[in-house]
Amino acid sequence: MECEIRSSCFPSSGCLQTKPRTVDPGSNITLNCSIVTGGLVQGITWEKAKQQLNSSDLVLQQSYSTNNGKFPCQCTAINFTRALQIIWVTSTPNVIIKDQPKELKCIFSGWPLPRTVSWYKDDKLITNGTEGMHHSLEKKGETVKSICILHLPPGREEQEGFYKCSATNNITGWSSSDSFKIQMIYECPLPSSPTISSAEILTSTFSNVSLTCWIDFDVTCPQYLFWYVNDQQAPLESGEKYNEELKDTKSKCKKEYILSIINVTENDEGTYSCHWLCDHKTTTKAAIDMKVSPQPPTEIQKNRSTSTQSHTVVIQFSSNPGRREWQLPVIILSAASVAVLFMFVVRFVAMKKWTSSYSRTEDGLNETDFINRLFISFSSKDFGWVTDNLISILEKHSIDYSIHSRDFELGIPIVQNMADNVYCSRQVLIVLSENYLASNFCREELHMAVQRGVDAGDSSLIFVMINKLKKKQLPAALRNKNLLDFDKHKKKQDWEQKILREISEGKTLKAEDRV
């Protein structure tokens, strides 16, 4: 038998083409072969033989004799191993949407291609069928790439976590591997109308009852929660009779909003309703009729009711992709604060002046009274603009600021929170838009801020108009103010300089900046 390492077989040699052979280019050739350029090659590496031939291809041509002489030789293509490498993968972090299936992909290159690819969730191996997940492997070309797909079932919160694809390719004496992690984040759905499991509960006098709302959260709603009884205009507030509590649950998208009624009497009988509110959405609620018996309920009555001690209201929401990965706090309002909100209609007549719960002098605020450098008053519907065009600049330049969704304190009336931040911030920046002017909460903050400027006699207010708001749309009292029009400053760097000059240096606007 004759053995030669060549760049190609003779076209007319009539050789039998055999299955290609894969070798480690760094391994020694153990065959008693010669290279067509001359000499035996035993003991040199395959890579060295390739260099001697000065060719990108290698074949092993072996000539031999048989009884019938049918095949005078056979030709075997030589392939070199290549380390496994991930050349494309599903982006990370990525979003899981409720009830929507998802596919995660890893594409590998190398030789030989991996026969199997393993998937892990939080470092635990996923076998086909685990929690409805399964994976498949596709090969595109014999030496090109291998595509592995992990199929996730319709989205749910339990799927959140870190997923890893991992694979190995090998031949005898050689191997390589590669892996990649993908973070999957569950997107909390949007709020919808609440539902209840039972419209009526029965309890007895002298008992303690807990009513519970299960509240789903997204990034903007609900902002405010209330408990009401019957047709009273003011919500219930914590005290000796009632206790309101907001509890976390195992789900990041749900909280328990609980009203506890202490020492129930017959006077407590009535309809209790759990309300949630956003300033840009219609208020929704769920109602529970509570019946009070002077005697403890019988076993039959207990069976008719879900519970004599508790009741659950479940609020569920639909999906909403593309939201940012943060959440607004829920603010529990007291009865006193809601009573004040009903005064919005007559506030310009009554001209009520709010004061902060922090110390003030008769002549205004001292420097030590300030708790914030800047308070930003804006509509929740404009949060995206505030994040991109204000907060990013403030954090870049380490300027202290406060916003209602992050810094208002739980348990303090909403209007008192407004007053504390308006009166105890060195400056107040008002983001004027159609959304802002349409919100009662925003207009109340605007009223406080303008009144604070009148009281203090300073220039601590900064007014910014956005979204092509026209001056004629503003209240008459603001039309003679110095207003910074964002739409005039299309370049990001120009806008950054303008707003920093107003905030950091406290200078007045130039004539060309005014509207």
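The protein chain holds ten helices and 29 strands, here taken from a predicted model. Of its 515 residues, 47% are buried. Contacts tend to reach a long way along the sequence: if one takes the pairs in the protein chain that sit at least 6 residues apart, 70% of them join residues at least 24 apart. On the outside, the protein chain exposes about 26,300 Å², and carbon and sulfur atoms supply 48% of that area.

Helix α1 is a good place to start looking at the packing. This helix spans residues 46-53, and its buried residues are W46, A49 and L53. Viewed down the axis of α1, these buried residues fall within an arc of 55°, so they line one face of the helix. The spacing fits the usual helical geometry: an α-helix has 3.6 residues a turn, so residues three or four places apart point the same way. As for what the buried face meets, the partners are strands: the buried residues of α1 pack against β1 (2-6), β3 (21-23), β4 (34-35), β5 (58-63) and β6 (73-80). Just after α1 comes N54, and the phi of N54 is positive, near 55°.

Further along the chain, five strands make up an open sheet with mixed pairing. Reading across this sheet, the order is β8-β15-β14-β10-β11. Its edges are β8 (94-97) and β11 (124-125), each of which pairs on one side only. At the β8 edge, the neighbour is β15 (residues 174-187); the two strands run parallel and are joined by four bridges. Within this pairing, N94 is found opposite M184 of β15.

A last stop is S210, a residue of strand β18 (residues 209-216). Is S210 buried or exposed? Neither label quite applies: with a relative accessible area of 25%, S210 counts as partly exposed, because buried would call for a value under 20% and exposed for one over 50%. The side chain of S210 also has a polar partner, making a polar contact with the side chain of S260 at 3.3 Å. S210 offers an example of residues separated in sequence but brought together in space, too: I258 is 48 residues away in sequence, yet the C-alpha atoms of S210 and I258 are 6.5 Å apart.

Conventions
Residues numbered from 1 in each chain as written. Predicted model: local features only at pLDDT ≥ 70, side-chain atom pairs only at ≥ 80, totals over all residues. Heavy atoms only, no water. Buried < 20%, exposed > 50% of the residue type's maximum accessible area, 1.4 Å probe, protein only. Arc of directions from axis to C-beta. Contact = heavy atoms within 4.5 Å. Pairing = 2+ DSSP bridges. Polar contact = N/O pair within 3.5 Å; in protein donor to acceptor, adjacent residues only side chain to side chain. Areas by Shrake-Rupley, 256 points an atom, 1.4 Å probe, with all protein chains shown as cover.
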